[in-house]
Amino acid sequence: MTNRSLVAIEEYSKEKILYMLEMAKEFEKCPNRKILDSKIVATLFFEPSTRTRLSFETAANRLGAKVIGFTDPKVTSSTKGETLKDTIMMVSNYADVIVMRHYLEGAARYASEIAPVPIVNAGDGANQHPSQTMLDLYSIYKTQGTLENLNIYMVGDLKYGRTVHSLLMAMRHFNPTFHFVAPDELKMPDEYKLYCRKNGIRYVEHRDFNEDVIADADIIYMTRVQRERFTDLMEYEKVKNVYILHEQMLHKTKETMKILHPLPRVNEIAYDVDSSPKAYYFQQAKNGLYARQAIICDVLGITLDEVRNNK
Ligand code: CP
């Protein structure tokens, strides 16, 4: 069998992204489809998670699969010195697909090269989070009616934020204009700005975050400053509250503008924003279920037609 792993979002063409969004739409219409009755999905989380793990597990359950896995590597034999390679080879004996989050960049790629079953990257260090990107794209598509020609503001931790890195790459097909809003310490890394230039993606960088800066946004993508990525906690303390979005900052924004956040939030979105019709982050997390149902099916070789024919 061809290894159909999802490791990095660049592996998806424009056609593939649109195809996956169609599949997610099918699952939103009817999430309970017992397509994977005889399958086992393993969820290996070497780093903490709420949404990604639970939505993948809900996706598997709604598809009729069984779920095995761990949420804390301390309870596994990795504490006895078992290598990632051996863990992956062992779990491949038990499961048909492995969903893995790991703190090391490149861990998912490595796993996909050795595993006989598909690997789904559920986040590898500060590198990529492709399933988050698919739910982000689905959320943007649902709320804007298109992915084309949008003004997307990415705000906060653009240095370590794997969700913004993956989203930036996926949007290359859709002629976006990005606005990178970050303090110097957390600026979008040069490699991603180079990627933008090579792919003809417009971007503007900002240090200020106020109602005039965001007035033209179609999407404001807020991010958390990730304490766990800092080696020097004094540096984290300096930037942790750098940008906070308040409801009063939204008055000049477009009616159709939506605020996304991969979550968890700490304090970068004030609670007064939650009741705004422009707040979309909780629905965004719900969309993760449908996007991840589509991903699990796709890596197991199940087509959109097969999904449509199974209600
Ligand atoms: N967005 C996201 O990855 O959330 P979790 O860390 O809770 O999975």
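Contact, in this tour, means heavy atoms within 4.5 Å. Helices (H or I, at least four residues) and strands (E, at least two) are DSSP runs, numbered from the N terminus.

The structure is a predicted model, in which local features need pLDDT of at least 70 and side-chain atom pairs count only at pLDDT 80 or more, while totals for chains, interfaces and linings use all residues. Residues are numbered from 1 along each chain as its sequence is written, and side-chain values use heavy atoms, with hydrogens and water left out.

**The whole chain**

Begin with everything selected: the chain holds 10 helices and nine strands. Its radius of gyration is 19 Å, close to the 19 Å that the globule rule gives for 311 residues, so the chain is as compact as a globular protein of that length; the radius is taken over C-alpha atoms, and the rule is 2.2 Å times the number of residues to the power 0.38. Along the principal axes, the C-alpha trace spans about 55 × 45 × 40 Å.

**The four-stranded sheet**

Select next the open sheet whose four strands run in the order β2-β1-β3-β4, with parallel pairing; two strands pair if DSSP finds at least two bridges between them. β2 (66-70) and β4 (119-124) stand at the edges with a single partner strand each, so one side of each is left without a neighbour in the sheet. Neighbouring strands are turned by 15° against each other on average, direction ignored. Angles here run from 0 to 180 degrees between N-to-C directions, and axes are lines fitted to C-alpha atoms, for helices over the stretch in contact.

Then pick out β1 (residues 40-45), which pairs with β2 in the parallel sense over five bridges; among the residues to label is Thr43, whose bridge partner in β2 is Gly69. Helix α2 (residues 51-62) packs on this sheet and touches β1, β2, β3 (97-102) and β4, its direction making about 175° with that of β1.

**Helices around the first sheet**

Keep α2 selected and add helix α9 (residues 281-299): the two pack at an angle of about 55°, with their axes 8 Å apart. That angle makes α2 oblique to α9, in a scheme where angles under 35 degrees count as roughly parallel, over 145 as roughly antiparallel, 65 to 115 as roughly perpendicular and the rest as oblique. Their crossing is right-handed, a term for the near helix being turned clockwise from the far one by less than a right angle, whereas an anticlockwise turn is left-handed. The contact includes Arg51, Phe56 and Arg62 of α2 and Leu289, Arg292 and Ile296 of α9. Its residues divide into six nonpolar, five polar and three charged, where Ala, Val, Leu, Ile, Met, Phe, Trp, Tyr, Cys and Pro count as nonpolar, Asp, Glu, Lys and Arg as charged, and the others, Gly among them, as polar.

Move on to helix α3 (residues 84-92) and helix α4 (residues 107-114), which pack at an angle of about 50° with their axes 10 Å apart, and this makes α3 oblique to α4. On the α3 side Leu84, Lys85, Ile88 and Met89 meet Ala107, Tyr110, Ala111 and Ile114 of α4, a contact with seven nonpolar, no polar and one charged residues.

**α5, α6 and a loop residue**

Select helix α5 (residues 130-144) with helix α6 (residues 162-170), packed at an angle of about 60° with axes 9 Å apart. Pro130, Gln132, Thr133, Asp136, Leu137 and Ile140 in α5 meet Thr163, Ser166, Leu167 and Ala170 in α6, and the contact divides into five nonpolar, four polar and one charged. In the loop between α5 and β5 (151-155) lies Asn149, whose phi is near 60°, a positive value in a residue other than glycine.

**The five-stranded sheet**

The next selection is the open sheet of five strands in the order β7-β6-β5-β8-β9, again with parallel pairing. Its edge strands are β7 (202-206) and β9 (258-260), each pairing on one side only, and the twist averages 20° from one strand to the next. β8 (residues 219-222) pairs with β9 over three bridges, and Tyr221 stands opposite Leu260 in β9. Helix α7 (residues 190-198) packs on this sheet, touching β6 (177-181) and β7, and its direction makes about 145° with that of β7.

Finish in the loop between β9 and α9, where Pro264 lies: a cis peptide bond joins Leu263 and Pro264, with omega about 5°.
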